[in-house]
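Work through the exercises below with the sequence and the model at hand. Each task is followed by a solution in steps.

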Amino acid sequence: MSSTASIARSLILAIVALVPAAARAADRPPNLIVILADDLGYADVGFQGARDIPTPRLDALARAGVRCTAGYVSHPFCSPTRAGLLTGRYQQRFGHENNPAYLPNDAAVGLPLDRKTIADTLRAAGYATGAVGKWHLGAHPSFHPLRRGFDEWFGLIGGGHRYFDHNRFQTDPQAARQEYLIPLQRGTEPVAAEGYLTDLITREAVGFIERHTDRPFFLYLAYNAPHTPLEAPPRLLERVASISDPKRKTYAAMVCGVDDGVGAVLDALRAKGIERDTLIVFLSDNGGPISVTNCSNAPLAGAKGTLFEGGIRVPFVVHYPAKLAPGTFDRPVSSLDLHPTFAALAGKPLAPGASDGVDLLPHLAKTADKPLERDLFWRADGGKRFAIRSGDLKYVVNRDSPEKLFDLAADIGETRDLFTERPDDVARLRARYAAWNADNIAPLWSNPAPAPAKKAATKKAAAKKAAQP
Ligand code: CA
């Protein structure tokens with residue numbers, strides 16, 4: 001290199017170093033973060049109306065972002081909803097309709113390998129990709145996050161985990177057979193870890209952000225909180241001391257832990273000067289299991305596992321200061337929309353028909369040519385239960401429940417059944433569901449059987465054990 005060229009290069013480097021990170025970030029695709037809570041009740045964060053659970057950081061995120069008042073996931077329980085979110089396809093299209101058991105030797109029970117994830121798409125677009133938290137999309141090595149588009153992984157590979165007891169498997173052979181006690185992993189290696197699991201997950205997420213400011217990144221931050229087991233440290237329990245019910249108190253403390261995590265993520269983005277150019281979506285993977293944690297889905301009917309709104313409608317915020325003005329968005333949006341939205345933002349839009357979702361950004365930014373109108377569908381138990389939302393009407397068939405029709409605009413709580421009053425609408429929605437369902441396949445595996453009860457369990461306890469992870 002000539003001395004002139006060398007001087008010129010030094011000058012350019014000096015100038016680049018002087019340009020704030022935020023200005024440089026504006027010239028490239030945004031960073032993308034999904035923050036997923038697990039089994040969070042619809043009404044259990046401040047921005048959704050909670051009064052007894054302080055969530056200041058989530059509330060600030062919602063205030064500065066777009067709160068989607070009709071945000072949905074594609075299934076009422078854990079693993080299928082994650083399969084839908086990460087692929088952008090209705091998971092019934094490819095048989096991922098039940099929770100996979102923890103089967104590290106079974107290459108047939110997990111997110112089918114011919115399915116592309118958001119991470120696959122974004123890695124191909126030049127993004128750094130990281131997954132932290134709960135996986136629950138198959139325990140066989142072929143389904144591992146590092147094989148599904150992620151460069152980095154830290155977390156629990158199964159459907160849940162103890163919050164303090166991370167390392168017992170190393171000394172207790174019985175513990176190694178319990179899914180909630182299997183080792184946490186970094187990459188493919190088991191790791192010994194100390195501390196409250198929600199904090200560990202947050203620490204890893206912040207570390208990922210801090211290591212990847214040189215190019216756009218995608219972070220899938222999937223907390224297992226506030227899913228059972230109900231465990232929280234004193235510092236979080238103190239914040240909800242006014243709650244007298246012990247179950248709800250611990251659950252609420254776990255929500256506070258997630259709130260701290262969201263705050264730490266925002267602080268890390270701010271410290272790096274990239275908060276404006278980072279899009280964050282916050283949502284829950286399904287509705288709250290009221291009888292298990294004493295959470296609240298008010299004013300919605302039903303709970304996790306049902307196809308009433310309480311099972312599938314979730315807190316849903318999109319925060320992207322550079323492009324989205326704060327406000328609310330009331331048309332239905334879905335977790336299926338994230339893959340096409342992120343692909344478009346990365347400059348690699350998905351091919352037509354490659355997703356069942358839509359690019360949300362023009363709608364949330366209010367630059368779309370026309371309003372967002374499409375039907376949303378749900379199916380569980382291989383089709384024994386199903387629902388469709390078309391406009392404001394919802395036709396739903398739940399377990400042990402006759403067909404029902406609701407007008408969600410007037411009746412968000414699904415209290416007034418219009419089935420007999422509006423037979424034409426019922427027939428129309430039933431036909432639309434049948435047309436959609438014609439493209440689905442049978443579930444590839446059944447739900448894992450509940451673990452055998454150790455002692456003579458009460459009927460109620462047995463029912464809780466059978467609850468979906
Ligand atoms: Ca869940």
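**Exercise 1.** In this predicted model, classify arginine 422 as buried, partly exposed or exposed, and do likewise for its salt-bridge partner aspartate 425.

*Solution.*
Step 1. Arginine 422 has a relative accessibility of 31%. Buried requires under 20% and exposed over 50%, so arginine 422 is partly exposed.
Step 2. Aspartate 425 has 17% relative accessibility and therefore counts as buried.
Step 3. The closest N and O atoms of the two residues are 2.9 Å apart. The cut-off for a salt bridge is 4 Å, so the pair qualifies.

**Exercise 2.** Locate arginine 186 and glutamate 204, and state how their side chains meet.

*Solution.*
Step 1. A salt bridge joins the two side chains, with an N to O distance of 2.3 Å.
Step 2. Arginine 186 belongs to strand β6 (residues 184-186) and glutamate 204 to helix α6 (residues 197-211); the two residues are 18 apart along the chain.
Step 3. Arginine 186, at 41% relative accessibility, is partly exposed, whereas glutamate 204, at 19%, is buried.

**Exercise 3.** List the donors of the calcium ion and decide what kind of geometry the site has.

*Solution.*
Step 1. The ligand atoms come from Asp38 (OD), Asp39 (OD), Cys78 (SG), Asp285 (two OD entries) and Asn286 (OD1), at 2.2 to 2.7 Å.
Step 2. Along the chain the donors are spaced as D-D-x38-C-x206-D-N. Aspartate 38 sits in the loop between β1 (31-37) and α3 (56-64), and aspartate 285 in the loop between β9 (278-284) and α9 (290-293), so that pair links parts of the chain 247 residues apart.
Step 3. The angles among the six donor atoms run from 52 to 155 degrees. Six donors count as octahedral only if opposite ones are over 155 degrees apart, so the site is irregular.
Step 4. Aspartate 38 and aspartate 285 are both buried.

**Exercise 4.** Which salt bridges involve the aspartates that bind calcium?

*Solution.*
Step 1. Aspartate 39 pairs with lysine 304 at 2.7 Å, N to O. Lysine 304 lies in the loop between α9 and α10 (309-312) and aspartate 39 in the loop between β1 and α3, so this contact ties together parts 265 residues apart in sequence.
Step 2. Lysine 304 and aspartate 39 are both buried.
Step 3. Asp38 and Asp285 belong to a salt-bridge network with Arg82 and Lys134.
Step 4. For the whole model, the count is 32 salt bridges.

How values were computed. Residues numbered from 1 in each chain as written. Predicted model: local features only at pLDDT ≥ 70, side-chain atom pairs only at ≥ 80, totals over all residues. Heavy atoms only, no water. Donors = N, O, S within 2.8 Å, 3.2 Å for Na, K, Ca; no water. Tetrahedral: all angles 85-135°; square planar, octahedral: opposite > 155°, others 65-115°. Helix = DSSP H or I, 4+ residues; strand = E, 2+ residues; numbered from the N terminus. Buried < 20%, exposed > 50% of the residue type's maximum accessible area, 1.4 Å probe, protein only.
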